[in-house]
Amino acid sequence: MRKTLEVINELKDKGLIKDYAIGGAIGALRWTQPFFTEDLDIFIICEKESKEKELIILTPIYEYLKKKGYPWKGHWIVIEGVPVDIFPADELEKTAIEEAQETEYEGIKTKVIGPEYLIALFLRVFRDKDIRKTELMLEEATVNKEKLDKILNKYGLTEKFTNFREKYYGK
Amino acid sequence: MENNQKIVIGKRILTKEELFKEKEKFRKERAKLLFDEKIKALVQLQQLALSWGNKKDVIIWRI
């Protein structure tokens with residue numbers, strides 16, 4: 001994990017990405033008690049955006065990682081023994097990255113998406129595992145409710161959150 | 001009647017409600033662990049999933 005983060009930081013240092021932050025289960029785990037997961041989700045802001053907005057080109061990143069000898073396993077690229085998923089950020093994720101909390105893992109600097117943005121991202125996808133993570137975040141993480149409301153409102157997720165709370169918490 | 005049930009853990013006697021409160025407190029304390037410590041715990045969970053669970057293709061993270 002230490003070396004994995006070093007390699008991801010290299011992507012930024014070498015100008016292949018503008019910025020990144022850890023999200024997904026590991027992002028959540030930063031704010032909750034440890035729970036099982038298999039992969040590390042990294043959300044990235046690309047350095048160069050394609051002229052065609054619908055086209056996101058990750059080739060230089062994958063070429064760089066391939067040259068370093070990291071193998072593919074299904075949809076993951078295994079960087080220094082850790083399966084990694086790389087997601088190019090959309091508008092919500094970009095803000096989440098920009099406002100992510102700087103933290104350290106064994107002395108290596110990294111950024112982790114904050115609880116409020118993670119909840120918004122989980123709500124948006126809303127698979128069973130996202131619902132479980134949302135519950136964990138609400139029960140164990142310190143969530144700034146005002147900030148969460150603002151994010152949910154901005155990205156049209158307020159109603160989804162209200163329905164979620166009614167279904168799972170009865171309020 | 002069931003609510004009056006007591007649980008004996010070593011020298012401690014707790015009601016179910018007290019036990020659940022303790023569990024809740026423990027979870028919140030665990031949430032405050034350092035990121036490094038949580039990743040170590042995750043690797044233990046991955047090892048457990050590989051040896052006990054049905055997840056035979058789990059990659060145990062190199063930390």
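Two residues are in contact here if their C-beta atoms, placed from the backbone, lie within 7 Å. Keep that in mind for the tour. The model on screen is predicted.

**Stop 1: chain A as a whole**

Select chain A. Its secondary structure comes to eight helices and seven strands. Turn the chain along its principal axes, and the C-alpha atoms fill a box of roughly 50 × 40 × 30 Å. How does the radius of gyration of chain A fit a compact globule? With 171 residues, such a globule would have a value near 16 Å, and chain A has 16 Å, so the two agree.

Now colour by burial. Buried residues make up 35% of the 171 residues in chain A. Then look at contacts with a separation of 6 or more along the chain. Of these, 67% join residues 24 or more positions apart.

**Stop 2: α5 and α6 of chain A**

Select residues 115-125 of chain A, which form helix α5, and residues 128-140, which form helix α6. Their axes come within 8 Å and cross at roughly 155 degrees. That angle makes α5(A) roughly antiparallel to α6(A), because angles over 145 degrees count that way. The crossing is left-handed.

Show side chains next. On α5(A), pick A:Pro115, A:Leu118, A:Ile119, A:Phe122, A:Leu123 and A:Val125. They meet A:Asp130, A:Lys133, A:Thr134 and A:Met137 on α6(A). By class, the residues of this contact are seven nonpolar, one polar and two charged.

Before moving on, select A:Phe126. This residue is found in the loop between α5 and α6 of chain A. What is the phi of A:Phe126? The value is positive, about 60 degrees, although A:Phe126 is not a glycine. Most residues other than glycine have a negative phi. A:Phe126 has 13 C-beta neighbours inside 10 Å, so it counts as partly exposed.

**Stop 3: α5 and α7 of chain A**

Keep α5(A) and add residues 145-154 of chain A, helix α7. The two axes come within 9 Å and cross at roughly 35 degrees. Is this crossing left-handed or right-handed? α5(A) passes α7(A) in a right-handed crossing.

From α5(A), the contact takes A:Glu116, A:Tyr117, A:Ile119 and A:Ala120. From α7(A) come A:Lys147, A:Leu148, A:Ile151 and A:Leu152. The split is six nonpolar, no polar and two charged.

**Stop 4: α4 and α5 of chain A**

Swap α7(A) for helix α4, residues 91-98 of chain A. Helix α4(A) and α5(A) pack at an angle of about 160 degrees, with axes 10 Å apart. So α4(A) is roughly antiparallel to α5(A). Their crossing is left-handed.

Select A:Leu92, A:Glu93 and A:Ala96 in α4(A). Across from them are A:Tyr117, A:Ala120 and A:Leu121 in α5(A). This contact divides into five nonpolar, no polar and one charged residue.

**Stop 5: A:Tyr20**

Go to strand β1, residues 17-23 of chain A, and select A:Tyr20. Is A:Tyr20 buried or exposed? With 22 C-beta neighbours inside 10 Å, A:Tyr20 counts as buried, because the cut-off for burial is 20 or more.

Expand the selection to its contacts. Leaving out residues up to four places away in sequence, A:Tyr20 touches A:Ile8, A:Lys12, A:Ile42, A:Phe43, A:Ile44, A:Ile97 and A:Lys111. Then draw a distance from A:Tyr20 to A:Phe87. The two residues are 67 apart in sequence, and their C-alpha atoms are 9.6 Å apart in space.

**Stop 6: A:Glu80**

Select A:Glu80, in the loop between β4 (76-79) and β5 (82-88) of chain A. Its phi is positive, at about 50 degrees, and A:Glu80 is not a glycine. A:Glu80 counts as partly exposed, because it has 18 C-beta neighbours inside 10 Å.

**Stop 7: where chain B touches chain A**

Finally, bring in chain B. How many residues of chain B are in contact with chain A? There are 18, and they are in contact with 21 residues of chain A.

Which helices of chain B should you select? Take α1 (16-31) and α2 (35-51), as each supplies at least two residues of the side that touches chain A. Helix α2(B) gives the most to that side, with nine residues. Colour this side of chain B by class: eleven residues are nonpolar, one is polar and six are charged.

Definitions and conventions: Residues are numbered from 1 along each chain as its sequence is written. Chains are lettered from A and ligands numbered from 1 in the order in which they are written. This is a predicted model: local features need pLDDT of at least 70, side-chain atom pairs count only at pLDDT 80 or more; totals for chains, interfaces and linings use all residues. Axes are lines fitted to C-alpha atoms, for helices over the stretch in contact, and angles run from 0 to 180 degrees between N-to-C directions. Helices (H or I, at least four residues) and strands (E, at least two) are DSSP runs, numbered from the N terminus. Angles under 35 degrees count as roughly parallel, over 145 as roughly antiparallel, 65 to 115 as roughly perpendicular and the rest as oblique. A crossing is left-handed if the near helix is turned anticlockwise from the far one by less than a right angle, and right-handed if clockwise. Ala, Val, Leu, Ile, Met, Phe, Trp, Tyr, Cys and Pro count as nonpolar, Asp, Glu, Lys and Arg as charged, and the others, Gly among them, as polar. The radius of gyration is taken over C-alpha atoms; the globule rule is 2.2 Å times the number of residues to the power 0.38. A residue is buried if 20 or more other C-beta atoms lie within 10 Å of its own, exposed if 12 or fewer, and partly exposed in between; C-beta atoms are placed from the backbone.
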